[in-house]
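Work through the exercises below with the sequence and the structure at hand. Each task is followed by a solution in steps.

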4 protein chains.
Amino acid sequence: MNIGKIGILTSGGDSPGMNAAIRAVVRTASYYCVNCIGISLGYKGLINNEMRKVVPTDVNNLIHRGGTILKTARSEEFKTKFGRKKANINYKKNGLEGLIVIGGDGSFTGAMIFGQEYNIPIIGIPGTIDNDIYGTDFTVGYDTALNTAIEAIDKIRDTATSHNRLFFIEVMGKDSGFIALNSGIATGALDILIPEKKYNLDKLFYSIEKVKQKGKYSSIIIVSEGKKLGGVYDLAKTTKKKFPDYDIRVSILGHIQRGGYPTCSDRVLASRLGVASVEALISGKKNVMTGIKANKVIFTPFLKAIKKKRKIDIDLIKISDIIAC
Amino acid sequence: MNIGKIGILTSGGDSPGMNAAIRAVVRTASYYCVNCIGISLGYKGLINNEMRKVVPTDVNNLIHRGGTILKTARSEEFKTKFGRKKANINYKKNGLEGLIVIGGDGSFTGAMIFGQEYNIPIIGIPGTIDNDIYGTDFTVGYDTALNTAIEAIDKIRDTATSHNRLFFIEVMGKDSGFIALNSGIATGALDILIPEKKYNLDKLFYSIEKVKQKGKYSSIIIVSEGKKLGGVYDLAKTTKKKFPDYDIRVSILGHIQRGGYPTCSDRVLASRLGVASVEALISGKKNVMTGIKANKVIFTPFLKAIKKKRKIDIDLIKISDIIAC
Amino acid sequence: MNIGKIGILTSGGDSPGMNAAIRAVVRTASYYCVNCIGISLGYKGLINNEMRKVVPTDVNNLIHRGGTILKTARSEEFKTKFGRKKANINYKKNGLEGLIVIGGDGSFTGAMIFGQEYNIPIIGIPGTIDNDIYGTDFTVGYDTALNTAIEAIDKIRDTATSHNRLFFIEVMGKDSGFIALNSGIATGALDILIPEKKYNLDKLFYSIEKVKQKGKYSSIIIVSEGKKLGGVYDLAKTTKKKFPDYDIRVSILGHIQRGGYPTCSDRVLASRLGVASVEALISGKKNVMTGIKANKVIFTPFLKAIKKKRKIDIDLIKISDIIAC
Amino acid sequence: MNIGKIGILTSGGDSPGMNAAIRAVVRTASYYCVNCIGISLGYKGLINNEMRKVVPTDVNNLIHRGGTILKTARSEEFKTKFGRKKANINYKKNGLEGLIVIGGDGSFTGAMIFGQEYNIPIIGIPGTIDNDIYGTDFTVGYDTALNTAIEAIDKIRDTATSHNRLFFIEVMGKDSGFIALNSGIATGALDILIPEKKYNLDKLFYSIEKVKQKGKYSSIIIVSEGKKLGGVYDLAKTTKKKFPDYDIRVSILGHIQRGGYPTCSDRVLASRLGVASVEALISGKKNVMTGIKANKVIFTPFLKAIKKKRKIDIDLIKISDIIAC
């Protein structure tokens with residue numbers, strides 16, 4: 001297919017590696033003699049016509065930087081017919097012939113609707129730290145978030161061990177326990193509470209009791225954020241009632257998990273998907289998300305990527321139980 | 001002076017580099033043919049007679065590890081005459097002829113009273129991330145905590161910039177703004193709120209307005225923990241009322257600031273003070289804290305170290321104002 | 001199967017995550033009521049009967065530490081019939097009923113021969129930074145080595161850019177370009193020279209010329225170690241002759257790539273394979289290596305793991321060419 | 001004094017924190033309503049008239065980045081009268097009324113001669129990883145280089161310990177042992193060889209023998225680069241002859257020591273000196289270097305800064321001897 005100009009935007013929550021993906025898209029477009037337009041602030045920028053040409057030298061020295069130079073936002077207006085109409089007007093006005101959207105579930109829903117409404121070819125790149133997207137083994141930013149989380153938890157363990165403290169540590173992942181489960185295993189957490197599994201205070205209390213018997217008074221318990229689990233402060237309070245002689249503390253890792261220099265794995269993943277998404281547009285693909293499965297690039301229709309849920313690996317829960325203490 | 005056996009303990013909140021100080025004490029004692037007894041959990045261990053001999057090979061591969069292998073605690077009992085009496089009984093029973101205490105203000109107060117009551121030679125090593133101790137340019141752990149803080153703030157800035165957000169970030173330092181002031185300058189914070197300075201919402205609002213005019217919508221504001229400043233959530237709320245169109249977030253760095261691998265500067269400082277404290281005991285010194293001033297080891301009487309307060313550098317506040325935007 | 005006692009050893013070059021694997025093996029053995037014996041210095045320790053019982057508390061606070069607490073070595077003696085005979089005597093004397101070997105190709109060859117000679121059930125865990133083992137998507141230590149490499153290369157790029165310099169950087173991987181190819185893509189290297197691909201000075205010179213035309217005078221070229229590629233100093237010299245006005249430097253990353261705190265991905269991988277290897281012994285498996293494929297644990301006969309070679313992903317070379325400049 | 005326009009350049013080897021200094025200079029100039037011109041590639045850019053205005057927004061998001069956005073170079077031409085004449089012509093043509101030079105010894109020599117020849121007010125900021133400049137306790141970049149060095153050495157120690165190896169590690173510092181001495185103490189090196197101290201193979205061999213007797217076969221020996229010490233490979237060879245059963249390896253840390261994200265301490269130092277240098281120009285100072293002494297900003301005439309040598313702390317050598325083993 002003959003494409004002369006494409007647009008690229010990042011949408012939803014930012015994640016480390018988005019810049020590496022942008023760089024790959026811009027360079028690949030240039031490689032295939034396609035012009036590339038960077039759209040600011042996600043769909044908002046499309047609606048407000050905030051965009052400018054980006055060339056390969058604009059993305060020099062960018063692959064290792066956190067965040068997104070295109071900036072990102074959530075757009076309520078794009079959820080309306082009127083908002084998308086404005087977006088399409090700018091899309092046409094700027095002579096775009098395809099769009100690459102880096103983001104998560106919500107961003108792909110918008111992309112799917114917009115693409116169908118105006119027959120616009122759109123390719124999605126999964127960029128979110130939560131790893132909860134169907135159609136890819138890994139999302140861009142997930143591996144970095146995991147490593148940021150474990151570095152922080154390692155630090156907290158230093159002080160937990162020195163003080164014989166019990167720490168409840170909240171990590172990101174409202175609807176999905178990927179970060180909690182993997183960071184919990186990687187830091188030797190006593191227990192890991194994730195939204196996918198009904199959590200059980202009795203089991204937690206039993207584990208605390210068990211390691212206490214072994215003479216270990218410091219422990220880390222990892223908890224996914226979100227109301228599903230009742231909140232980390234409540235958990236700490238309930239546990240304190242059961243173990244009044246324990247020194248129990250809470251730490252919420254928070255926004256540090258979204259930033260930072262992307263890991264090697266995230267940079268390579270972002271680069272591969274960036275190249276693949278441009279080549280997909282050129283080859284006439286549309287309405288699909290690009291992802292990685294068993295180390296191969298694959299494509300999944302937006303509808304499937306949105307509707308299906310990437311399931312957490314149940315085996316890992318058992319592994320955590322076996323090696324925690 | 002002829003000393004045959006000394007004890008070492010860590011007390012109060014832990015800080016990175018305490019292990020490096022322990023290592024230096026143990027190795028220096030061995031170098032001068034003095035036996036060294038490690039006391040667990042601070043004064044608690046002295047009261048409960050939890051101690052054991054430590055030899056140079058016990059501290060192999062330790063200099064770079066966070067926390068304290070001796071563990072630390074706060075002891076209410078040691079504040080009582082009765083508690084200290086028990087401590088002295090164990091001190092005598094174990095044949096100790098001197099004590100090295102790594103900790104902060106509170107620990108030195110205990111050391112001073114105990115030392116005078118029972119005529120026990122005690123040397124203090126300032127170990128706290130807050131840097132708020134008179135008699136030393138730097139406390140062991142402060143430099144590491146600063147670097148932990150700026151790495152976290154750098155990560156948050158990635159996401160702040162990508163989303164055009166205003167972040168209020170709380171760092172440690174209840175009564176002292178060292179961490180806030182230095183980490184704020186080092187991360188280009190728009191404003192820095194510390195307990196030593198009456199803070200001024202009008203000035204903060206003026207700064208936000210000023211950078212807004214320059215087209216910059218993302219900013220970092222660093223706040224020292226503690227009630228003196230009203231709390232970071234209240235600040236965020238008040239600011240949101242004034243700037244309702246801003247996306248304002250809060251992040252509390254918390255306990256990660258106490259852990260982690262000590263920086264080079266903290267390891268060298270801890271090593272120097274560890275060596276100096278043993279040599280001080282041998283040379284007959286007592287009732288003093290060792291510290292570093294203009295790159296020289298000095299000694300300060302406990303009373304002075306406790307009573308006087310290390311003042312924050314007012315020049316730095318002006319520097320922050322000049323280069324923030 | 002009813003197994004009462006197993007042995008574990010690390011062999012060959014060390015890699016980050018070996019400790020996490022040891023921890024998982026020890027804890028899993030305990031979970032299934034199997035005794036675990038730690039053998040020092042690989043096969044050497046088996047020959048010299050250097051081993052001792054390890055229990056779950058021995059591996060507390062270990063998951064995040066680089067290196068291997070069991071130590072590792074290469075053993076020439078184990079390659080001889082006589083050496084293996086001595087090893088078997090100690091194996092029997094200590095009542096071992098199975099062995100877990102963490103290492104690479106060479107270690108598995110030894111394991112296979114030894115296991116067949118004396119009918120000893122042995123399970124292998126792939127631990128090497130090179131990732132060149134058939135039967136697993138990732139080897140334990142590879143992800144950490146990659147991240148160590150890119151952090152170092154990022155630092156060198158700072159100075160390369162500031163000085164307009166051309167850097168030849170040698171990374172590990174004598175017979176395999178996994179580290180070079182992935183770290184090269186992740187750091188935006190101008191060219192990547194790996195043993196799997198005939199390298200072409202003309203292509204390299206063409207790339208240098210091309211970016212020069214774009215006004216970029218600093219670049220990074222990544223080279224796999226080893227004689228196959230002629231050596232990084234020779235490459236630099238030849239390039240200097242072609243581009244005499246360039247400031248060309250060489251950096252050899254060297255041994256830092258073997259150490260360091262394992263990444264999340266390496267810790268989780270090591271934990272999974274550690275659990276799987278003990279369960280495999282218990283279930284009667286022998287003479288196989290455990291690995292991960294498409295996120296599932298699989299087993300590969302030693303012979304296949306040794307004979308077949310894990311191939312590098314040719315697509316990645318093309319990706320590097322597209323986005324390098 | 002009334003100054004309307006100043007120039008800034010970085011010269012000599014780059015060091016982490018130079019960007020933070022540039023940022024502080026630009027922002028401070030703006031604060032005092034002084035225009036700021038960024039000169040590329042050090043004195044070369046002055047000679048070739050490569051310069052452009054820099055405003056506060058140009059240095060957004062810069063404080064944490066390694067290297068120097070102004071680029072740096074060594075200029076042979078500036079050492080000639082003719083070169084400096086051309087530099088002065090451009091200096092005048094661009095309406096500059098003062099110059100800030102970030103660099104080391106060599107850069108300040110050039111600054112002094114140029115300033116005197118053409119009566120140009122110049123202020124120096126010490127930017128070098130070597131810390132070998134008289135008139136300041138710390139140079140910009142030194143603290144970061146130290147931390148880069150110890151992180152690398154920590155990694156190598158992992159593998160040294162796992163393999164029972166003896167490592168000779170070369171760090172930067174041709175004429176000055178600051179990096180070697182401090183990183184050696186911080187990593188528990190068995191011995192530290194620096195140019196300031198006649199080194200003694202007998203002492204080194206004695207230490208190796210001593211720890212061997214204690215059953216420790218792995219050790220780190222830190223060596224400053226440069227011919228004064230005979231070269232790290234020669235050292236390793238001589239040691240191997242003496243201890244033929246040892247597994248001895250060499251690692252040269254090299255250029256990674258110049259790059260990387262500056263530490264908190266370097267960012268604050270660079271910010272303070274950046275502010276001070278602009279204020280110095282405004283207040284009429286010239287021909288001096290700004291530095292930090294006992295936490296106060298001070299000024300030292302270029303001649304003194306160049307002629308005198310900052311001495312290494314001899315006490316530290318003794319400390320290293322006491323706690324090394």
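**Exercise 1.** Determine whether A:Y217 is buried, partly exposed or exposed, and describe its surroundings in this predicted model.

Solution.
- Step 1: The relative accessible area of A:Y217 is 38%.
- Step 2: Buried means under 20% and exposed means over 50%, with partly exposed in between. A:Y217 is therefore partly exposed.
- Step 3: A:Y217 lies in the loop between α7 and β8 of chain A.
- Step 4: Beyond its neighbours within four places in sequence, A:Y217 has contacts with A:N164, A:R165, A:L166, A:K212 and A:Y246.

**Exercise 2.** Place A:K214 in chain A and classify its exposure.

Solution.
- Step 1: A:K214 sits in the loop between α7 (201-213) and β8 (219-224).
- Step 2: Its relative accessibility is 42%, so A:K214 counts as partly exposed.

**Exercise 3.** A UniProt "binding site" annotation (unreviewed entry) includes A:R23, A:R157, A:K214 and A:Y217. Do the annotated residues gather at one spot or not all gather there?

Solution.
- Step 1: Complete the set. UniProt also lists A:A24, A:V25, A:V26, A:R27, A:K216 and A:S218 under this annotation.
- Step 2: Take the spread. The residues span 196 positions in sequence, and the farthest two C-alpha atoms are 57.0 Å apart.
- Step 3: Conclude. With that separation, they do not all gather at one spot.

**Exercise 4.** UniProt (unreviewed entry) also places a "binding site" feature at A:D105. Find its helix, exposure and contacts.

Solution.
- Step 1: A:D105 belongs to helix α4 (residues 105-117) of chain A.
- Step 2: A relative accessible area of 31% makes A:D105 partly exposed.
- Step 3: With neighbours within four places in sequence left aside, A:D105 is in contact with A:D132, A:I133, A:A305 and A:I306.

**Exercise 5.** Classify B:L269 and name its contacts from elsewhere in the sequence.

Solution.
- Step 1: B:L269 is part of helix α9 (residues 264-282) of chain B.
- Step 2: The relative accessibility of B:L269 is 7%, which is under 20%, so B:L269 counts as buried.
- Step 3: Outside its neighbours within four places in sequence, B:L269 has contacts with B:F138, B:T139, B:V140 and B:I292.
- Step 4: B:T139 is 130 residues away from B:L269 along the chain, yet their C-alpha atoms are separated by 8.2 Å.

**Exercise 6.** What relation do chains C and D have?

Solution.
- Step 1: A turn of 180° with a shift of 0.0 Å along the axis lays chain C on chain D with an RMSD of 0.0 Å.
- Step 2: This is the relation of a two-fold axis.
- Step 3: The same surface serves both copies, as 97% of the contact residues of chain C recur in chain D.

Definitions and conventions:
Residues numbered from 1 in each chain as written. Chains lettered and ligands numbered in written order. Predicted model: local features only at pLDDT ≥ 70, side-chain atom pairs only at ≥ 80, totals over all residues. Heavy atoms only, no water. UniProt positions renumbered as here; feature names shortened; annotations may be inferred. Helix = DSSP H or I, 4+ residues; strand = E, 2+ residues; numbered from the N terminus. Buried < 20%, exposed > 50% of the residue type's maximum accessible area, 1.4 Å probe, protein only. Contact = heavy atoms within 4.5 Å. Least-squares fit on C-alpha atoms with pLDDT ≥ 70 in both.
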